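Visitor: Could you walk me through this model at an easy pace? I would love to hear how its parts pack together.

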Amino acid sequence: MTDPAREAADRMAEAAQEWLDSLDAGQRGAAVGPAPGADGEAEAERTRWFYTPTDHGGLTFHQQRPAQHRLVMRLVASGLSEAGYTTVATVLGLENVLDRTEGFSVNWGRERTRDPSMYYLRVFGVPGGPRPWGWRFGGHHVSLNNLVVNGRVAATTPCFLGADPAGSPLLGGATLRPLGTAEDLARELVRSLRPGSAARAVLLPRAPNDIVAGNSTRIDDRVVRRADLWRPGSHVPDRAEHPATGLDGANRRALALTPTPKGVPGAELDAAQRELLRALLGTYLDRVPPGVSPLARYDDPAALDAVHLAWAGSTTAGEPHYYRLQGPRLLIEWTNIHRSANHAHAVWRDPATDFGGDVLAAHHAAHHAAHHAP
């Protein structure tokens with residue numbers, strides 16, 4: 001019987017090793033990090049993540065030859081479904097579209113600010129070896145974090161994708177919307193709710209400026225500042241000390257993440273609404289390869305019952321809005337606020353095992369017990 005999580009890990013290991021073998025000594029210094037589970041700052045760096053155009057840590061496309069670029073994308077593809085890979089590749093290309101949208105004029109002190117080569121890859125540990133290992137790929141609007149333990153893919157979150165512009169014109173009157181389905185299904189679902197359910201689902205009439213959990217390593221109720229979204233020492237936007245969400249007081253409390261999810265649970269939805277909810281989950285959970293995705297978990301009615309939908313802002317298309325899906329081992333957040341609601345953020349997280357923390361702890365405990373067995 002095949003094991004999709006093991007097969008995916010094997011593909012990752014082969015692609016990662018081929019990329020590492022192509023690097024010279026100088027490149028390897030930026031490309032390789034300590035094995036997952038290291039102590040202190042080394043592990044803090046592995047679990048430090050961003051989705052802004054800042055230093056994500058690792059080796060950029062600029063620092064590599066074109067043949068190595070191809071190896072980078074092969075590794076990226078190994079951790080994604082076909083649709084997930086196509087979406088990520090499109091998001092990278094949107095940097096060129098965004099540059100034009102801004103009149104090729106934004107200057108943050110770099111040679112190029114909107115830069116499709118400013119994406120970073122780092123491998124942690126030894127691919128395919130007996131110890132846990134992982135890899136991280138990220139840049140503006142992309143953060144992929146993967147962990148392999150005991151030869152199987154053990155964690156794929158946080159998994160962030162964004163799109164700016166969220167919608168761009170194509171020839172023939174078509175529109176490029178890489179994340180459009182994740183917006184449309186959620187809006188259809190919240191607009192289908194009966195008045196009483198809708199009143200509980202919409203937590204706030206205004207939308208926050210960004211996802212509530214931001215780029216926190218662990219999901220809790222701390223306030224993420226705008227400065228936290230950027231690596232220290234890099235360009236930081238104005239109002240750096242302000243909350244990233246732009247909310248405070250009662251508004252912040254209304255949208256604060258709590259252990260008990262807010263909003264309307266799947267258990268209160270009718271059959272058609274439950275189909276919408278499951279399809280919406282698929283726009284996030286199917287980013288990763290089949291068999292690695294936890295979407296099949298929601299074939300269990302009880303699992304779908306426990307997923308809560310919460311919304312903030314307008315339910316009218318083209319106006320600023322936010323939503324989240326929250327349940328056991330699940331947090332999905334979406335915003336489309338800026339640039340006249342044409343700038344989307346969409347993140348999938350697993351609060352229990354982001355970065356594989358619990359899996360690593362279990363692995364090390366088992367290894368320690370075996371090593372000290374009489």
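Visitor: In which crossing, left-handed or right-handed, does helix 1 pass helix 4?

Guide: Happy to start there, with a word on the basis: this is a predicted model, where local features need pLDDT of at least 70, side-chain atom pairs count only at pLDDT 80 or more, and totals for chains, interfaces and linings use all residues. Residues are numbered from 1 along each chain as its sequence is written, and side-chain values use heavy atoms, with hydrogens and water left out. A crossing is left-handed if the near helix is turned anticlockwise from the far one by less than a right angle, and right-handed if clockwise. For helix 1 and helix 4, the crossing is left-handed.

Visitor: At what angle do helix 1 and helix 4 pack, and how are they oriented to each other?

Guide: Helix 1 spans residues 4-21 and helix 4 residues 66-78, where helices (H or I, at least four residues) and strands (E, at least two) are DSSP runs numbered from the N terminus. Their axes are 9 Å apart, at an angle of about 165 degrees; axes are lines fitted to C-alpha atoms, for helices over the stretch in contact, and angles run from 0 to 180 degrees between N-to-C directions. Angles under 35 degrees count as roughly parallel, over 145 as roughly antiparallel, 65 to 115 as roughly perpendicular and the rest as oblique. Helix 1 and helix 4 are therefore roughly antiparallel.

Visitor: Which residues does serine 78 touch, leaving out those up to four places away in sequence?

Guide: Serine 78 sits in helix 4 and counts as buried at 7% relative accessibility (buried means under 20% relative accessible area, exposed over 50%, partly exposed in between, with a 1.4 Å probe and protein chains only). Contact means heavy atoms within 4.5 Å. By that rule, serine 78 touches Arg11, Met12, Trp135 and Pro289.

Visitor: Which residues of helix 5 meet helix 4?

Guide: Helix 4 passes helix 5 in a right-handed crossing, with an angle of about 135 degrees and axes 9 Å apart. The two helices are therefore oblique to each other. On the helix 4 side the contact uses Met73, Val76 and Ala77, and on the helix 5 side Tyr85, Val88 and Leu92.

Visitor: How many aromatic pairs does a search of the whole structure find?

Guide: Rings of Phe, Tyr and Trp (its six-membered ring) pair if their centres lie within 6.5 Å; planes under 30 degrees apart count as stacked, over 60 as edge-to-face and the rest as tilted. With those cut-offs, the search finds eight.

Visitor: What is the angle between the planes of tryptophan 108 and tryptophan 230?

Guide: Tryptophan 108 lies in the loop between helix 5 and strand 3, and tryptophan 230 in the loop between strand 10 and helix 8, so the pair ties together parts 122 residues apart in sequence. Tryptophan 108 is partly exposed at 25%, whereas tryptophan 230 is buried at 8%. The pair is edge-to-face, 5.5 Å centre to centre, and the angle between the planes is 75 degrees.

Visitor: Is the pair of tyrosine 323 and tryptophan 334 stacked or edge-to-face?

Guide: Tyrosine 323 lies in strand 13 and tryptophan 334 in strand 14, so this pair ties together parts eleven residues apart in sequence. Tyrosine 323 is buried, with a relative accessible area of 0%, and tryptophan 334 is buried too, at 1%. The centres are 5.9 Å apart and the planes 10 degrees apart, and the pair is stacked.
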